[in-house]
Amino acid sequence: MTKVLVADDSETILLLLRTRLEMEGYEVTTAADGQEVLDAVSASPNGPDLILLDAMMPRKSGIDALRELRSGGLEIPILIVSAHREEEALGNAEDLGADGLVPKPIDFDDLLGRIAELTG
Amino acid sequence: MNPSLANRLRIGFAITFALLAGVTVIGVGRLFQLRQDFEDDTNRSFQFELAGEHLRQGFLNEQARLDDVADRDPGARARYRLAVRGTDAAAVDARRLLDNDSEAEQLLNTRVAAEGRWRTRVADPVLRGRAPPPARQRRLAQAVVSSGNALIANESRQRQVLRDQVSDDTRKTALLVGVGLISGLIAAVLLFSGLIASMRRPLERLVDASGRLAGGDLKTRVEVGGPAETATLGLAFNEMADELQGAYRSLEDSRRQLAVTLESLSDGVITVDPGGIVTDANPAARRLLPGATIGTQVREVLVTGSITPGKVERLLAGLEQEEVHSGEGATVLAITGSPMGTPEGGSVLSIRDVSERARLERMKDEFVLTASHELRSPLTSVQGFAELLMLERDKLSPKQAETVEIILDNTQHLVRLLNDLLDLARSDAGRLTIKPERCDVGPIAEDAARLMRALADSRDQRLAVEIDGDLPQISAEPDRVKQVLVNLLTNAHEYSPEGASIRVTASRVGDEVELAVADNGPGIPEDQLDYIFERFTRGDAGLTQRVGGTGLGLAIAKSLVELHGGAIGVSSQLGEGSTFRVVLPALSGKEAKDAPITSTDATP
């Protein structure tokens, strides 16, 4: 079963994403900030197949986590979720190795299509 | 008031004229009279002398006739008596011409007496035939001749005396006339110099006073006096001085009011001459633009900031209404220029410190940006959970399903509103950017129409797309152009009734490509056309309640079009429909396509 790690500082968003992704048959783990993502990835040898990373989170932002994950050699697909439609932020994320950007509010048809494509 | 100078002059002239004319008439009359008398006297004198001559001739005749008598010549006695009568007639003539001359009368009497003695003592005896001795005859005849000669000599002498006297009288008269004329002239000179003197003092006072007035002493008044003219002049001068003083005072008052007003204005005011040199600056101007001191070139002060030289020129000419100029630190100044409108030219610049407004606008922009970001997460949840519910629609009652659909519709609307607000806030903050690329408008228009097709169909509206062949390419961000068209089409759809006809056309107009969205809806009232592109402006309130939309679509469309270097406009006829036209510059063959254009390049 495909494992997806979802990181967002909002419990509601986490609940939404977990519910929706589980409905689609994914195994979902969650993290509340960038640090938890890093911990989760390093703690589990049998890590996630894809990470859904909110750009703005306390303690450690999604962008910072992305940078560290990529510099740590992690190669699994990572999608950045952002409330900012600002092109600067999105362009920056792609340069740092994100595999795509998901603007809020989330278009789930689009998101699920991309996850399927990246993990297929 | 004194008699006028004109009247004084008239009187003076009359007196002088009468004086001179009198003297002349009297003198000349007297000379004529003298001449006449002289001629009369001379005439009579010559006649008297002639009578004397006749006496002499008569006596000679008597003597000759008496000699004839003595020679016993027949008829001689008759001739002698005839001669005696001739002599006596001459004596009567002479006596008639005597003219009260006693000396001449005495001489005449002597002559007549001598002749009488000669007749009695010589002629009578001869006639009786007894001739007296020749010595007596000679003596008595000699007495007659000498007394006659004396008479004639006396008359000749008298004439000489008369001539001398007349020439003496003439000289005296001429002298008198001359003296009279000279006195008259002297009197006239005195009269006129008196008149001039009566003018001189008041005139001198006027000259002095006008000199002082011209020198700026507006309190100067002149003492009114002299002839009516100078008195009037003095009164007029004083009145003029009063008015001048009054006018100057009110001018001074308004100048002072203006100065106080300018001093107390919180806006800066700078006046510049036609060359752009600062001629005056109020305290606020000196505070806001410390460089703009009197005598400096205003262009140098202004151009250092965000204002280009061209804008400064338009500002000075009054063509540019307002410019934002980043002064010292975070100061933002709004500058308005207007030409002075005086023959000398020059301009007035008013400067307002709008830093606070600019700061508030920045805060507002930041707030909108932040708020729209912060709202996205909750919106994501609402929309996401509503979608979750809809995934299990079969487990919901129809009523519940409808409710969830309403939630989703409103969420969509909220998202559009947030996106629009965000675009506008970015545009205001100068952070709205486009990524232009070389593209064709045809597919963009088709794309926009396709997005709108379902909505149009839902209300039986016909949606036609007409793309001219051979359209030039444009440099634009296709998504943004599509956004503009979708905004226009959304309006056309929402404001037009069911069954309406909507047309999207793309055509070439000169060096530009024109995209037009036309509908045959209700049209837009003329008074709303001017501000229809302002945000949150929507047409008819009745329609507004029915239609959706955020009221931001046209404002965003305008920002986006201007960001592309284009222009947007509308024409509308009530009851006929509206046409929105977007013109975008066409790309010429070799033009570069990838330089990003930021909003600061295009938005005012």
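Two residues are said here to be in contact when heavy atoms of each lie within 4.5 Å. The structure to which this criterion is applied is a predicted model.

By this criterion, and leaving aside neighbours within four places in sequence, B:Y80 is in contact with B:E62, B:R65, B:L66, B:V69, B:W118, B:R119, B:A123 and B:L127. The residue B:Y80 belongs to helix α2 of chain B, which spans residues 76-96. Because its relative accessible area is 4%, under the 20% limit, B:Y80 is classed as buried. One of its contact partners, B:V69, is eleven residues away along the chain, and the C-alpha atoms of the two residues are separated by 7.9 Å.

A second buried position in chain B is found outside the helices and strands. B:D267 occupies the loop between α5 (228-264) and β1 (268-272) of chain B. Its relative accessibility is 15%, so B:D267 also counts as buried. With neighbours within four places in sequence again set aside, B:D267 is in contact with B:N282, B:A284, B:I351 and B:R352. With B:R352 there is, in addition, a polar contact between the two side chains, at 2.7 Å.

These two sites may be placed against chain B in general. The chain contains 17 helices and 14 strands. Of its 604 residues, 40% are buried. Where contacts in chain B join residues at least 6 apart in sequence, 62% of them link residues at least 24 apart. The area that chain B exposes is about 33,500 Å², and carbon and sulfur atoms supply 56% of this area.

The description now turns to the backbone, beginning with chain B. The loop between α12 (441-458) and β8 (462-467) of chain B holds B:D460. Phi of B:D460 is near 60 degrees, a positive value in a residue other than glycine. B:D460 has a relative accessible area of 56% and is therefore exposed, the cut-off for that class being over 50%.

Chain A offers a similar topic at A:R59, which lies in the loop between β3 (50-54) and α3 (62-71). A:R59 is not a glycine, yet has a positive phi of about 65 degrees. Since its relative accessibility is 66%, A:R59 counts as exposed. Another backbone feature of chain A is the cis peptide bond from A:K104 to A:P105, for which omega is near -5 degrees. A:P105 itself is located in the loop between β5 (100-103) and α5 (108-119) of chain A.

It remains to describe how the two chains meet. The size of an interface is often expressed as the accessible area lost when the parts come together. Between chain A and chain B the buried area is about 1,800 Å², with carbon and sulfur atoms giving 58% of it. In terms of residues, 16 from chain A are in contact with 20 from chain B. The polar side of the interface comprises three residue pairs in polar contact, both residues being at pLDDT 80 or more. The rule for salt bridges finds one across the interface. This salt bridge is formed by A:R20 and B:E387, whose closest N and O atoms are 3.8 Å apart. On the side of chain A that touches chain B, helix α1 (residues 11-23) of chain A contributes the largest share, namely seven residues. By residue class, this side of chain A divides into eight nonpolar, three polar and five charged residues.

Notes: Residues are numbered from 1 along each chain as its sequence is written. Chains are lettered from A and ligands numbered from 1 in the order in which they are written. This is a predicted model: local features need pLDDT of at least 70, side-chain atom pairs count only at pLDDT 80 or more; totals for chains, interfaces and linings use all residues. Side-chain values use heavy atoms; hydrogens and water are left out. Buried area is the accessible area (1.4 Å probe) that two parts lose on being put together, summed over both. A salt bridge is a side-chain nitrogen of Lys or Arg within 4 Å of a carboxyl oxygen of Asp or Glu. A polar contact is a pair of N or O atoms within 3.5 Å; within protein, one must be able to donate a hydrogen and the other to accept it, and residues adjacent in sequence count only if both atoms are side-chain atoms. Helices (H or I, at least four residues) and strands (E, at least two) are DSSP runs, numbered from the N terminus. Ala, Val, Leu, Ile, Met, Phe, Trp, Tyr, Cys and Pro count as nonpolar, Asp, Glu, Lys and Arg as charged, and the others, Gly among them, as polar. Buried means under 20% relative accessible area, exposed over 50%, partly exposed in between (1.4 Å probe, protein chains only). Accessible areas come from the Shrake-Rupley method with a 1.4 Å probe; for residues, only the protein chains shown count as cover.
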